[in-house]
Amino acid sequence: MRERDIYKLVERYVTEFFPDLEGEARQHRIEALCASFMNV
Amino acid sequence: MTEEIKKLYDERVNRFVTTSNLKEPDRVPIMASAGSWAIANAGYTYAELLGNYDLEAEVSLNAHKGFYFDGIRGSTPLVNHAMLTNFELGSKQMFLSSNGVSLQHHETSSMEADEYDEFIADPFKFIANKISVRKLSAFQADDEEEVYQSMVKLFQTPGEVAKKTYAFKAIHEQLGLPAIAGGSNIVHPFDQFFDFVRGFEPTMTDLRRRPDKVLAAVEAMTPYQMRNLPKEPLPEFPWRTDNHHIAKFLTKDLFGKFYWPYYKAAVEALYNCGTKLLSHFEGPWVQHYDYLQELPKTSLICILENDEVEYFKQRFADQFTIFAAISGGTLRIGDIERCKEEAKALIDIAAPGGGYIYGARNGLSAPGDADPEVLRELNKFITEYAVY
């Protein structure tokens, strides 16, 4: 498999585990989690 | 921490802080360099320590006791326990050597040459939707809920590992050894792209064939890393640290274009917040010295891997601190008199005026990298010789 909508799952994770985050703070958390995939 | 240990700890911190401000402390501080060498030396393998937090703490304590060390590089434990989750989820980036002695790295490329535009348009979506799936076989499962649960496990593992790990705390509290670097590492966006996205060979080829695309990809990741730089005042010590992988392969011009802007911003951000960068100059950096001259005085502690210490001291004695030790080859041969001679020559060059930490350029990793008795005697000698 070459592609999958993992980004959508990251958004779901942030909604579930960081429900208070909004706006830019929420977006930054999503980006940090996505970036963490690089080093796995 | 007992009063006696606290006194030792404070003395050691003072040594690092004084020398990094280009003043002479009571003597040159000595860095610990235990890596997987410490594990092998205790008769264990990396594989045996993975997931075994008690054994890790025991091995770690023994590897730092009685060696005349003044500090350790960071609070990172001896092994990366989170690897167990990565292995479980099908990551192939790192692997254990067949004898279990060491953790090794697979050279991989997770992006094709024709995918630059997509990466540049939205690096985070690209990393999530393409790179993660290419790296983790668990993300290729048919059931989306299963993939989500794997992802939750991946994200939760570092926190769980941190709760269980106490090796550093044991070293800190029982031996009074400070970690000289803390907080999150400074990561250069170009190193990130080089190490984890395109990989070594493709990136080097792209620098010749499509340099503008490479630069645009690095710039697409730069705002994220800029955001991670500190903005509020920080304690002067411990410092932050970094690793550089691609810098040594860059010409002076390429360094200036691709690497210097973020590096300079990172060093200045730390300096302006009141701390310094412990910067690992992997490979030769001599071709980049003209750039470094622009950086503030006392902003860097430079771990010199292949640079000539004497020349560096001539250029930067009034600007930066040197972090260097005798060559790994000399230590490996194990002739104590030869080790002492090399250490003496190094200290005579690097120590005057302060701005010097005796520390191995490369951590000890293989079982034969150092005879523990030779290391002990050498460090004892340094505590006596490198007195101001």
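**Exercise 1. Strand pairing around β7(B)**

In this predicted model, find which residue stands opposite Ile303(B) in β7(B), then describe how the strand pairs and how it is covered.

Solution.
Step 1. The residue opposite Ile303(B) is His280(B).
Step 2. The pairing of β7(B) with strand β6 (residues 277-281) of chain B is parallel and has five bridges.
Step 3. Strand β8 (residues 321-324) of chain B also runs parallel to β7(B), joined to it by three bridges. Here Cys302(B) has Ile322(B) of β8(B) as its bridge partner.
Step 4. Consider burial. Five of the five residues of β7(B) are buried, so the strand is mostly covered. Leu300(B), Cys302(B) and Leu304(B) are buried on one side, and Ile301(B) and Ile303(B) on the other, leaving both faces covered.

**Exercise 2. Backbone exceptions in chain B**

Locate the residues Tyr68(B) and Thr298(B), and state for each whether it is buried, exposed or partly exposed. Then place the cis peptide bond that ends at Pro238(B).

Solution.
Step 1. Most residues other than glycine have a negative phi, and most peptide bonds are trans.
Step 2. Tyr68(B) is not a glycine, yet has a positive phi of about 65°. This tyrosine belongs to the loop between α4 (53-64) and β1 (72-74) of chain B. Burial requires 20 or more other C-beta atoms within 10 Å, and exposure 12 or fewer; Tyr68(B) has 16 C-beta neighbours inside 10 Å and therefore counts as partly exposed.
Step 3. Thr298(B) likewise has a positive phi, near 65°. Its loop is the one between α14 (289-292) and β7 (300-304) of chain B. Because 18 C-beta neighbours lie inside 10 Å, Thr298(B) counts as partly exposed.
Step 4. The cis bond runs from Phe237(B) to Pro238(B), with omega near 0°. Pro238(B) sits in the loop between α12 (211-227) and β5 (240-241) of chain B.

**Exercise 3. Helix α1(A) and the contact with chain B**

Check the length of α1(A), identify its buried residues, and describe the side of chain A that touches chain B.

Solution.
Step 1. At 1.5 Å a residue, the 12 residues of α1(A) should span 16 Å; the end C-alpha atoms are 16 Å apart, so the two values agree.
Step 2. The buried residues in α1(A) are Ile6(A), Leu9(A) and Val10(A). Because they cover an arc of only 105° around the axis, they lie on the same side of α1(A).
Step 3. Their cover includes α2 of chain A, along with α7 (123-135) and α8 (144-164) of chain B.
Step 4. Turn to the whole contact: 20 residues of chain A are in contact with 27 residues of chain B. On the chain A side, the elements giving two or more residues are α1 (6-17) and α2 (23-36). The largest share, six residues, comes from α1(A).
Step 5. By class, this side of chain A has 12 nonpolar, six charged and two polar residues.

**Exercise 4. Overall form of chain B**

Decide how the radius of gyration of chain B compares with the globule rule, and give the extent of the chain.

Solution.
Step 1. Chain B contains 18 helices and nine strands.
Step 2. Its radius of gyration is 22 Å, close to the 21 Å that the globule rule gives for 388 residues, so chain B is as compact as a globular protein of that length.
Step 3. The C-alpha trace of chain B spans about 65 × 45 × 40 Å along its principal axes.
Step 4. Of the 388 residues, 40% count as buried. Among contacts in chain B between residues at least 6 apart in sequence, 75% join residues at least 24 apart.

Note on methods: Residues numbered from 1 in each chain as written. Chains lettered and ligands numbered in written order. Predicted model: local features only at pLDDT ≥ 70, side-chain atom pairs only at ≥ 80, totals over all residues. Contact = placed C-beta atoms within 7 Å. Helix = DSSP H or I, 4+ residues; strand = E, 2+ residues; numbered from the N terminus. Nonpolar A, V, L, I, M, F, W, Y, C, P; charged D, E, K, R; others polar. Rg over C-alpha atoms; globule rule 2.2 N^0.38 Å. Expected span 1.5 Å × (residues − 1). Arc of directions from axis to C-beta. Pairing = 2+ DSSP bridges.
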